[in-house]
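I opened this model to look up a few helices and the aromatic contacts. The entries below follow the order in which I checked them.

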There are 2 protein chains.
Amino acid sequence: NDHVTFSCKSCILSVWQFCKEDSNRVIFSLKVGFAVLAVSLLILCRKPYQFFGPDIIWSILTVAMMCEYTVGATFNRGLNRALGSLLAGVIAVSVAELALKTGRIAEPIIIGFSIFLVGAVTSFMKLWPSLVPYEYGFRVILFTYCLIIVSGYRMGDPIRTAMDRLYSIAIGGIVAVAVNVLILPIWAGEQLHKELVSNFTSVADAFEECVRKYLEDDGKEHPEFTNAVMDEFPDEPAYRKCRSTLDSTAKIETLATSAKWEPPHGRFQNFSYPWSEYVKVDAVLRYCAYEVMALHGVLHSEIQAPYNLRIAFKKEIQDATSDASELVRRLGKDICTMRRSLKTCLLKRVHASTERLQHAIDVHSYLLTTESTTFSNLSNHMPEHDNKFLQENPDPPLQAEYSYHELMRKQSRRLYSWPSREIDAFEEERGFSANFVPRMKELESTAALSLATFTSLLIEFVARLDHLVEAVDKLSRVAKFKQEAL
Amino acid sequence: NDHVTFSCKSCILSVWQFCKEDSNRVIFSLKVGFAVLAVSLLILCRKPYQFFGPDIIWSILTVAMMCEYTVGATFNRGLNRALGSLLAGVIAVSVAELALKTGRIAEPIIIGFSIFLVGAVTSFMKLWPSLVPYEYGFRVILFTYCLIIVSGYRMGDPIRTAMDRLYSIAIGGIVAVAVNVLILPIWAGEQLHKELVSNFTSVADAFEECVRKYLEDDGKEHPEFTNAVMDEFPDEPAYRKCRSTLDSTAKIETLATSAKWEPPHGRFQNFSYPWSEYVKVDAVLRYCAYEVMALHGVLHSEIQAPYNLRIAFKKEIQDATSDASELVRRLGKDICTMRRSLKTCLLKRVHASTERLQHAIDVHSYLLTTESTTFSNLSNHMPEHDNKFLQENPDPPLQAEYSYHELMRKQSRRLYSWPSREIDAFEEERGFSANFVPRMKELESTAALSLATFTSLLIEFVARLDHLVEAVDKLSRVAKFKQEAL
């Protein structure tokens with residue numbers, strides 16, 4: 001009994017959470033309820049029912065079919081339905097008139113053949129790539145045509161049937177559109193706008209999170225990159241968001257298609273607002289996200305640069321990262337507030353800090369390839385300014401806590417475990433393993449190069465930001481965002 | 001006139017091409033035509049029409065709504081329709097009975113309120129994430145409920161109305177399912193199977209293409225990575241295919257959902273065939289594709305390793321690439337033929353050639369960081385075995401054709417052009433450009449590290465193949481693929 005009460009409680013709680021997350025959901029539900037009630041009243045009340053006749057029940061079907069979440073989608077579906085019904089009506093009436101003239105015997109044959117033809121043609125057309133968005137329209141043509149011509153055949157007078165159906169559909173459509181537009185409208189454009197802005201945030205978050213984890217990872221705990229955790233990474237919420245950004249292409253495109261049907265509204269006052277530019281900006285942003293995915297791959301790959309080496313470049317990496325993610329956030333914010341600000345300054349800063357990182361990597365590039373990248377040797381090998389460079393570093397490597405040997409042991413174990421699946425391959429090689437130890441060392445050195453990979457990908461991310469800035473700039477020009485005062 | 005004839009011709013040609021690409025499209029269209037014809041005959045012929053009554057026209061609507069491309073989707077939609085109608089019928093009849101008992105005045109109020117409630121609740125439920133696939137079912141509940149209760153109110157006898165509607169829907173459903181399943185069925189499972197196999201091929205192709213272009217690119221022609229070409233890369237068909245693989249998540253998932261509804265058929269004879277494993281394998285494959293995207297990013301990034309350096313590792317890179325892509329193709333082929341073969345041998349070869357690449361990079365890693373990576377200097381700097389290493393290379397760098405200076409000039413011009421957008425930033429820095437020349441050099445050296453990035457990503461790609469092999473292995477175990485004789 002207690003258990004039932006508890007699960008009931010948690011169920012109500014999750015529904016409440018779901019509503020609170022986005023109150024539009026509740027608004028939408030109530031609106032649909034209201035819309036069906038409105039058309040039902042036409043039938044429940046005696047007067048309108050007598051006026052419209054029993055065909056008015058078709059308007060209920062129309063409302064149920066047309067009520068979509070966003071205004072744009074409702075318009076789109078409404079247009080599909082209206083045009084589909086109209087076209088079907090015209091064809092049906094002409095075929096029926098033609099069939100009537102051919103006489104009693106030929107009539108059903110012509111009607112049957114025309115039904116087959118309409119079914120085949122509409123089904124074929126809705127598979128055609130550029131017509132896929134109008135799939136619903138073709139369905140409407142098909143069943144409206146069949147209904148009109150068949151009931152016309154049975155009840156005579158196909159024109160009457162067609163007209164009755166058409167205006168009951170029109171009534172349903174008008175009610176659905178009116179309720180959707182006039183009562184707390186949910187605009188697809190607004191949704192698209194928000195979605196794009198949140199994509200910017202999640203890419204920036206994921207990028208920062210990825211770099212932070214890379215610098216934090218001291219080789220102590222390193223969950224193996226198995227299939228089991230591959231999808232999850234429970235401690236990386238931003239990464240998961242970024243992945244869902246990559247999968248949201250279809251959603252963005254649907255919203256943009258819907259948004260094109262919407263009249264100017266709210267913040268989007270100019271006609272022919274460039275919704276397609278949103279899709280393009282999202283595509284460029286996705287290119288940046290691919291780079292984040294690659295960085296994430298390096299973070300979880302089994303070959304890792306030693307912790308002390310990573311720490312040596314910590315400051316440069318952090319600077320470049322925070323500048324880059326600030327730029328991405330700023331771009332998102334500019335879109336959000338629909339302002340057009342000069343990003344030159346920020347972009348310059350990102351480039352400068354990235355160049356500093358490049359410079360640092362370059363000057364110390366021999367670190368990436370020396371035979372032993374141990375911390376103690378490092379200091380010996382280094383010229384004076386390098387030593388200073390390491391000392392300048394605000395977060396010194398945790399020498400005290402982890403002895404070098406401990407660290408290296410862990411490092412080697414991990415390196416040795418690559419490639420992970422084929423243990424027997426190793427066993428085999430051990431037979432003639434004269435070169436077993438040197439091979440270890442060489443892997444170690446390649447491991448140091450993984451830092452180069454990480455920074456290269458980071459730099460590539462920054463390089464792609466140029467294109468992102470350009471794309472956002474184009475959007476803000478075409479959409480006539482307000483120019484910010486200098 | 002000629003123009004019209006020509007465009008008409010090209011139109012017919014493209015339709016013909018579209019049909020030839022996948023003959024299922026034509027089959028599907030004809031099947032839909034046949035299905036609507038079949039139900040229409042029930043009305044066009046006198047006998048069945050007299051037997052079933054005028055409500056039979058609802059079966060046409062059902063057929064038009066239920067005919068989906070694949071068998072699984074038809075079943076899914078049919079079940080949605082059947083359960084939705086049934087549920088709506090039950091609720092409607094009980095509410096109607098209840099309303100009847102409350103008397104003439106309260107009846108319309110109760111009915112109106114119930115319509116509102118059903119509209120709001122179904123609309124809310126279809127927004128709930130786990131119920132989204134049943135969206136159509138909720139729509140059916142809504143309009144069936146409204147139709148039954150409203151026409152019941154107007155015509156009395158709601159049970160009669162409900163029953164008439166339900167069996168005309170059942171007739172429509174049976175016809176739609178029978179035509180879809182019995183006449184040349186298009187199985188979602190088969191489509192999913194093919195789609196997954198083709199994804200394997202396109203990832204392998206894109207990987208090979210990307211590496212080939214990397215090794216071919218001699219810095220002569222290098223289209224700038226602008227927004228304009230970003231989406232296109234006309235000379236990289238495999239890359240575009242790979243991108244569409246990344247965007248096909250939704251399609252794969254829809255097919256898997258549909259496939260679950262299908263009975264055993266064709267090659268997929270066991271019940272509860274593990275279609276969800278297909279989705280998992282596709283997810284792992286997508287992880288490999290992300291790595292290809294990153295490789296592609298390096299290929300088109302503006303910082304490039306000198307041609308002669310890339311050429312020095314050509315053989316190793318090519319070996320690793322061809323082995324890895326062969327493994328991917330082989331995995332695809334194994335899924336295609338539903339066989340389970342031992343991939344240990346292939347996997348070992350991939351690991352061995354990848355290790356050779358790693359070894360080569362490691363031994364020559366100083367090449368990546370020496371001050372000048374010129375070809376002439378290279379030979380001087382190198383110990384004897386390195387010289388041999390370069391001579392062993394079957395494709396010697398094209399010294400004769402491009403002089404070193406020419407090459408370097410191109411290289412520097414390109415390097416200088418990074419970062420590409422902010423020319424003025426450079427102009428500014430030129431003011432105090434005491435360190436202008438050294439900066440050039442340092443970029444040059446970082447450029448050599450881009451080779452390390454490329455190979456690291458390549459190695460990471462190979463590392464992910466382990467997981468791919470594992471995922472495919474799991475699929476072949478669960479799906480009981482035939483074990484190949486050893």
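Entry 1, helix spans. I began with helix α16 (residues 344–363) of chain A, in a model that is predicted. Its 20 residues should span 28 Å at 1.5 Å a residue, and I find the end C-alpha atoms 28 Å apart, so the two values agree. I then listed the buried residues of α16(A). Among them are the aliphatic A:Leu346, A:Leu347, A:Val350, A:Leu357 and A:Ile361. The list also includes A:His351, A:Glu355, A:Gln358 and A:Asp362.

I repeated the check on helix α2 (residues 24–44) of chain A, which has 21 residues. From first C-alpha to last I get 29 Å, close to the expected 30 Å. I noted 15 of the 21 residues of α2(A) as buried, so this helix is largely enclosed by the rest of the structure.

Entry 2, aromatic pairs. How many aromatic pairs does a search of the whole structure find? I get 24 over all chains. I looked up A:Phe18 and B:Phe124: their ring centres are 5.7 Å apart and their planes stand at 80°, which is over the 60 degrees needed, so I logged the pair as edge-to-face. A:Phe18 belongs to helix α1 (residues 2–21) of chain A and B:Phe124 to helix α6 (residues 106–125) of chain B, so the pair joins two chains. Are the two rings buried or exposed? A:Phe18 has a relative accessible area of 6% and is buried. B:Phe124, at 15%, also counts as buried, because the cut-off is under 20%.

Next I took A:Phe207 and A:Phe461, an aromatic pair that is stacked, with 4.0 Å from centre to centre and 15° between the planes. I placed A:Phe207 in helix α9 (residues 188–216) of chain A and A:Phe461 in helix α21 (residues 436–478) of chain A. The two residues are 254 apart along the chain, and the pair links distant parts of it. I recorded a relative accessible area of 0% for A:Phe207, which is buried. A:Phe461 is at 0% relative accessibility and counts as buried.

I also noted one aromatic cluster, formed by A:Phe268, A:Tyr273, A:Trp275 and A:Tyr278.

Entry 3, charges over rings. I went back to A:Phe18 and asked which residue lies over the face of its ring. It is A:Arg25, at 4.0 Å from the ring centre. In chain B, I found B:Arg25 over the face of B:Phe18, at 4.0 Å from the ring centre.

Methods: Residues numbered from 1 in each chain as written. Chains lettered and ligands numbered in written order. Predicted model: local features only at pLDDT ≥ 70, side-chain atom pairs only at ≥ 80, totals over all residues. Heavy atoms only, no water. Phe/Tyr/Trp six-rings, centres within 6.5 Å; stacked < 30°, edge-to-face > 60°. Helix = DSSP H or I, 4+ residues; strand = E, 2+ residues; numbered from the N terminus. Buried < 20%, exposed > 50% of the residue type's maximum accessible area, 1.4 Å probe, protein only. Lys NZ or Arg CZ within 6 Å of the ring centre and 35° of its normal. Expected span 1.5 Å × (residues − 1).
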